[in-house]
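Hello,

Here is the structure I promised to pass on to you. Have a look at it first, and then read on for what I found.

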Amino acid sequence: MGNSINKVGVVDESADRLALYYGVGVTRAQVKAALDALLDTVIEALAAGDSVRTDLGTFVVDPRAPRSTRNPRTGETVVVTAHRASKLRWAADVRREIAGT
């Protein structure tokens with residue numbers, strides 16, 4: 001299993017890549033602001049029930065029906081109310097890159 005990267009790592013790596021590959025000199029604060037704006041836009045669209053298509057894939061809202069389940073500790077039946085969950089359907093290019101093919 002590989003290492004994980006947090007938001008600070010994404011910002012640092014993105015700023016370094018922009019400078020190296022594109023010759024764009026931006027500060028880490030600018031990259032963080034752009035990343036925050038992107039994430040806010042995706043979250044707001046999902047909250048409104050819209051899907052968002054990116055190069056990574058498509059973020060969608062998946063409605064979940066109410067259901068009954070059991071509490072494994074007590075054995076009691078619990079009703080889970082209807083709710084919405086977010087999902088990311090990975091783009092084919094990303095799936096191939098992750099798979100190494």
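To start with a question: among contacts in the protein between residues at least 6 apart in sequence, what percentage join residues at least 24 apart? The figure is 38%. Please keep in mind throughout that this is a predicted model.

**The overall picture**

The protein has three helices and five strands. Going along the sequence, you will meet them in the pattern α-α-β-β-β-β-β-α. The radius of gyration is 19 Å, well over the 13 Å that the globule rule gives for 101 residues, so the protein is more spread out than a compact globule. Taken along the principal axes, the box filled by the C-alpha atoms is roughly 60 × 35 × 25 Å.

As for the surface, about 8,200 Å² of the protein is accessible, and carbon and sulfur atoms account for 55% of that. Of the 101 residues, 15% are buried. The side chains include 14 positive and 12 negative ones, with the centres of the two sets 9 Å apart.

**The sheet with three strands**

Strands β1, β2 and β5 form an open sheet in the order β1-β2-β5, with antiparallel pairing. β1 and β5 stand at the edges with a single partner strand each, so one side of each has no neighbour in the sheet.

Strand β1 covers residues 52–53 and is joined to β2 by two bridges. Three residues make up the hairpin connection from β1 to β2. If you would like a pair to look for here, Val-52 sits opposite Phe-59 in β2.

On the other side of the pairing story, β2 meets strand β5 (residues 83–90) over eight bridges, again in the antiparallel sense. You can follow this pairing through Gly-57, which faces Trp-90 in β5, and through Val-60, which has Lys-87 of β5 opposite.

**A residue to look at in β2**

Thr-58 belongs to strand β2, which spans residues 57–64. Is Thr-58 buried or exposed? Its relative accessible area is 18%, so Thr-58 counts as buried, the cut-off being under 20%. Which residues is Thr-58 in contact with, leaving aside its neighbours within four places in sequence? They are Ser-51, Val-52 and Arg-53, together with Lys-87, Leu-88 and Arg-89. Val-52 and Arg-53 make up strand β1 (residues 52–53), while Lys-87, Leu-88 and Arg-89 fall within strand β5 (residues 83–90).

**The β3 and β4 hairpin**

The strands β3 (residues 67–70) and β4 (residues 77–80) run antiparallel and are joined by four bridges. Arg-67 has Val-80 in β4 as its bridge partner. Six residues lie between the strands of this hairpin, and Gly-75 there takes a positive phi near 80°.

**Between the helices**

Thr-27 is found in the loop between α1 (7–22) and α2 (28–47). With a relative accessible area of 44%, Thr-27 is partly exposed. Where does Ala-15 lie relative to Thr-27? The two are twelve residues apart in sequence, and their C-alpha atoms are 6.9 Å apart in space.

I hope this helps you find your way around. Do write back if you have any questions.

Best wishes

Conventions:
Residues numbered from 1 in each chain as written. Predicted model: local features only at pLDDT ≥ 70, side-chain atom pairs only at ≥ 80, totals over all residues. Heavy atoms only, no water. Rg over C-alpha atoms; globule rule 2.2 N^0.38 Å. Buried < 20%, exposed > 50% of the residue type's maximum accessible area, 1.4 Å probe, protein only. Contact = heavy atoms within 4.5 Å. Areas by Shrake-Rupley, 256 points an atom, 1.4 Å probe, with all protein chains shown as cover. Lys, Arg positive; Asp, Glu negative; His and termini not counted. Charge placed at Lys NZ, Arg CZ, Asp CG, Glu CD. Pairing = 2+ DSSP bridges.
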